[in-house]
Amino acid sequence: MRVLLVEDDEMIGRSLKQALEGAGWSADWVRDGELAQSALGDGGYTCVLLDLGLPKQDGTEVLRRARERGDATPVLVLTARDGLDDRIHSLDLGADDYLLKPFEFRELLARMRAVVRRRDGAAHSLVGSGALQLDLTTREVVVNGARDALTAREFALLHALLERPGAILSREQLENRIYGWGEEVTSNAIDVLIHGMRRKLGADAIRNVRGLGWRVAA
Ligand code: CA
């Protein structure tokens, strides 16, 4: 799953990006509000980590414009500002949660899982339906009650498909959800990934719709 990290502090940004990638996220890092705006416009993010004090465009302005465009990507505000007004303002503008710096990385990951779950409409950590579910906490797939581990990319692929069971996602849409900037994507990367998933989940778990893309059963 891809996360957009918006942070102008070099030290915090670098260590967060590294920690996020270590936790299996594909992290794109931008250092000012305008770049955040254009990255959000490209889409494909599961979650946004947004600093408020940013060059060129304030974090609250980035958030306000994104929500005005109808962009519903979950936003977790990371801020050193401990003023009550800033927190209330960002929540009113459509932030899903906030975390005050400095914070423990484990808490950040837990809050990211929580905002993603809420967007998925799940009160607990399982998303999906019927025989095929994903556990957002353990990153396992649950097939008819049996659990199996997934790689970060397998998890991102299945999460994208399970957001709207039955809907077809194209190769480009899947690539956009799985790979961050600068990651090498071979032309058959999605096919290889899906081939491996079918061996794990059963041949019918992910259906190919010829010429259009892939879907899971509704
Ligand atoms: Ca800042």
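## A loop residue to start with

K56 is exposed, with a relative accessible area of 63%. This lysine sits in the loop that links β3 to α3 (59–68). Its backbone is worth a look too: K56 has a positive phi of about 70°, although it is not a glycine. Keep in mind that everything here comes from a predicted model.

R139 makes a good companion case. R139 has a positive phi as well, about 60°, and it is not a glycine either. You'll find R139 in the loop between β7 (132–135) and β8 (140–143). Is R139 buried or exposed? With a relative accessible area of 18%, R139 is buried, whereas K56 is exposed.

## The sheet

Now for the open sheet. It is built from 5 strands, in the order β2-β1-β3-β4-β5, and the pairing is parallel. At the edges you have β2 (26–30) and β5 (97–100), each of which pairs on one side only. On average, neighbouring strands of this sheet are turned by 20° against each other, with direction ignored.

Zoom in on β3 (residues 47–51) and β4 (residues 75–79): the two run parallel and are joined by 4 bridges. Two of the facing positions can be named. L50 stands opposite V77 in β4, and D51 stands opposite L78 in β4.

Helix α1 (residues 10–22) lies across β1 (2–6), β2, β3 and β4. Relative to β2, helix α1 runs at about 165°.

## Strand β4, covered on both faces

How many of the residues of β4 are buried? The count is 5 of the 5 residues, so β4 is largely enclosed by the rest of the structure. In a regular strand the side chains alternate between the two faces of the sheet. For β4 you can list the residues face by face: V75, V77 and T79 are on one side, and L76 and L78 are on the other. All of them are buried, which leaves both faces of β4 covered.

Step past the strand and the picture changes. A80 lies in the loop between β4 and α4 (84–93), and this alanine is exposed, with a relative accessible area of 55%. If you want a long-range distance to check, take A80 and L157: they are 77 residues apart along the chain, and their C-alpha atoms are separated by 34 Å.

## The calcium site

Which residues coordinate the calcium ion? The donors are D8 (OD), D51 (OD) and G53 (O), at 2.2 to 2.3 Å. Read along the sequence, these donor residues are spaced D-x42-D-x1-G.

D51 turns up again here: besides standing opposite L78 in β4, D51 supplies an OD donor to the calcium ion. With a relative accessibility of 6%, D51 counts as buried. G53, at 30% relative accessibility, counts as partly exposed.

## Helices α7 and α8

Two packed helices are described by the angle between their axes and the distance between the axes. For α7 (residues 171–178) and α8 (residues 189–201), the angle is about 80° and the axes are 10 Å apart. That makes α7 roughly perpendicular to α8. On the α7 side, the contact is made by R171, L174, E175 and I178. The α8 side brings in I190, D191 and L193. Sorted by class, the contact has 4 nonpolar, no polar and 3 charged residues.

R177 is also found in helix α7. Where does this arginine stand on accessibility, buried or exposed? R177 has a relative accessible area of 14%, so it is buried. Leaving aside neighbours within four places in sequence, R177 is in contact with M1, R2, G44 and T46, and also with A156, H159, A160 and E163.

## A cis peptide bond

One more backbone detail to look up: K101 and P102 are joined by a cis peptide bond, with omega at about -5°. P102 is found in the loop between β5 and α5 (105–120). The strand before that loop, β5 (97–100), is one of the edge strands of the sheet.

Definitions and conventions:
Residues are numbered from 1 along each chain as its sequence is written. Side-chain values use heavy atoms; hydrogens and water are left out. Two strands pair if DSSP finds at least two bridges between them. Axes are lines fitted to C-alpha atoms, for helices over the stretch in contact, and angles run from 0 to 180 degrees between N-to-C directions. Contact means heavy atoms within 4.5 Å. Angles under 35 degrees count as roughly parallel, over 145 as roughly antiparallel, 65 to 115 as roughly perpendicular and the rest as oblique. Ala, Val, Leu, Ile, Met, Phe, Trp, Tyr, Cys and Pro count as nonpolar, Asp, Glu, Lys and Arg as charged, and the others, Gly among them, as polar. Donors are N, O and S atoms within 2.8 Å of the metal (3.2 Å for Na, K and Ca); water is not among the atoms, so sites may look incomplete. Buried means under 20% relative accessible area, exposed over 50%, partly exposed in between (1.4 Å probe, protein chains only).
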